Amino acid sequence: MFKVRGSAATNLGTSDQYAYCGTFSQLKPLITDNSDHIKRVVITHKYIGQLRFDVDTCQLRMGYTFNYNGNAVDIPEGTNFYMEEIFIL
């Protein structure tokens with residue numbers, strides 16, 4: 001389970017790319033599925049996007065965000081978020 005919580009310190013250019021959340025190198029020996037894992041997640045009450053775990057780099061990233069009108073948007077500075085997502089590695 002990954003927990004991503006905090007406040008965006010700057011504008012996150014996530015409308016068409018990913019923002020770095022963290023690296024979890026200690027998981028590398030546990031990975032049994034060698035494909036990247038991508039989940040659609042509710043980031044806040046205003047934003048939906050992807051949470052992506054890259055099995056090669058063991059990086060967790062958040063991106064390709066849009067609002068509930070379906071428009072691609074960046075996550076603005078000061079946005080608070082709290083996500084708990086489970087990935088089967």
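Which residues form one aromatic cluster? In this model, which is a predicted one, the cluster is made up of Phe-2, Phe-24, Phe-53 and Phe-87. I will come back to Phe-87 in a moment, but let me start with the chain as a whole.

The chain contains six strands and zero helices, and reading along the sequence one therefore meets the pattern β-β-β-β-β-β. Its C-alpha atoms fill a box of roughly 40 × 25 × 20 Å along the principal axes, and the radius of gyration is 13 Å, which agrees with the value near 12 Å that a compact globule of 89 residues would have. Of those 89 residues, 42% count as buried, and if we take the contacts with a separation of 6 or more, 64% of them are accounted for by residues 24 or more positions apart.

Let me turn to the interior. The largest nonpolar core has 22 residues, and those with the most contacts inside it are Ile-43, Leu-51, Phe-53, Leu-60, Met-62, Phe-81 and Met-83. At least two residues of this core come from each of strand S1 (2-7), S4, S5 and strand S6 (80-85), with S4 giving the most, namely three residues. As for Leu-51, if we leave aside its neighbours within four places in sequence, its contacts include Val-4, Ile-38, Leu-60, Met-62 and Phe-87. Phe-87, which we met in the cluster, also has the charged end of Lys-39 sitting over its ring, 5.7 Å from the centre.

Now please look at Gln-50, which is found in strand S4, residues 47-54. Is Gln-50 buried or exposed? Its relative accessible area is 14%, and because the limit for buried is under 20%, Gln-50 counts as buried. The side chain of Gln-50 is joined to that of Tyr-18 by a polar contact of 2.4 Å, and, not counting residues up to four places away in sequence, Gln-50 also touches Tyr-64, along with others including Ile-38, Val-41 and Met-62.

Those two tyrosines bring me to my last point. The structure holds four aromatic pairs, and one of them is formed by Tyr-18 and Tyr-64, an edge-to-face pair with 5.0 Å from centre to centre and 70 degrees between the planes. This pair links distant parts of the chain, since Tyr-18 lies in strand S2 (residues 18-23) and Tyr-64 in strand S5 (residues 59-67), 46 residues apart. Tyr-64, at 35% relative accessibility, counts as partly exposed, whereas Gln-50, which touches Tyr-64, is buried.

Conventions:
Residues are numbered from 1 along each chain as its sequence is written. This is a predicted model: local features need pLDDT of at least 70, side-chain atom pairs count only at pLDDT 80 or more; totals for chains, interfaces and linings use all residues. Side-chain values use heavy atoms; hydrogens and water are left out. Helices (H or I, at least four residues) and strands (E, at least two) are DSSP runs, numbered from the N terminus. Buried means under 20% relative accessible area, exposed over 50%, partly exposed in between (1.4 Å probe, protein chains only). A polar contact is a pair of N or O atoms within 3.5 Å; within protein, one must be able to donate a hydrogen and the other to accept it, and residues adjacent in sequence count only if both atoms are side-chain atoms. Contact means heavy atoms within 4.5 Å. Rings of Phe, Tyr and Trp (its six-membered ring) pair if their centres lie within 6.5 Å; planes under 30 degrees apart count as stacked, over 60 as edge-to-face and the rest as tilted. A charge sits over a ring if NZ of Lys or CZ of Arg is within 6 Å of the ring centre and within 35 degrees of the ring normal. A nonpolar core is a set of buried Ala, Val, Leu, Ile, Met, Phe, Trp, Tyr and Cys residues joined through side-chain atoms within 4.5 Å. The radius of gyration is taken over C-alpha atoms; the globule rule is 2.2 Å times the number of residues to the power 0.38.
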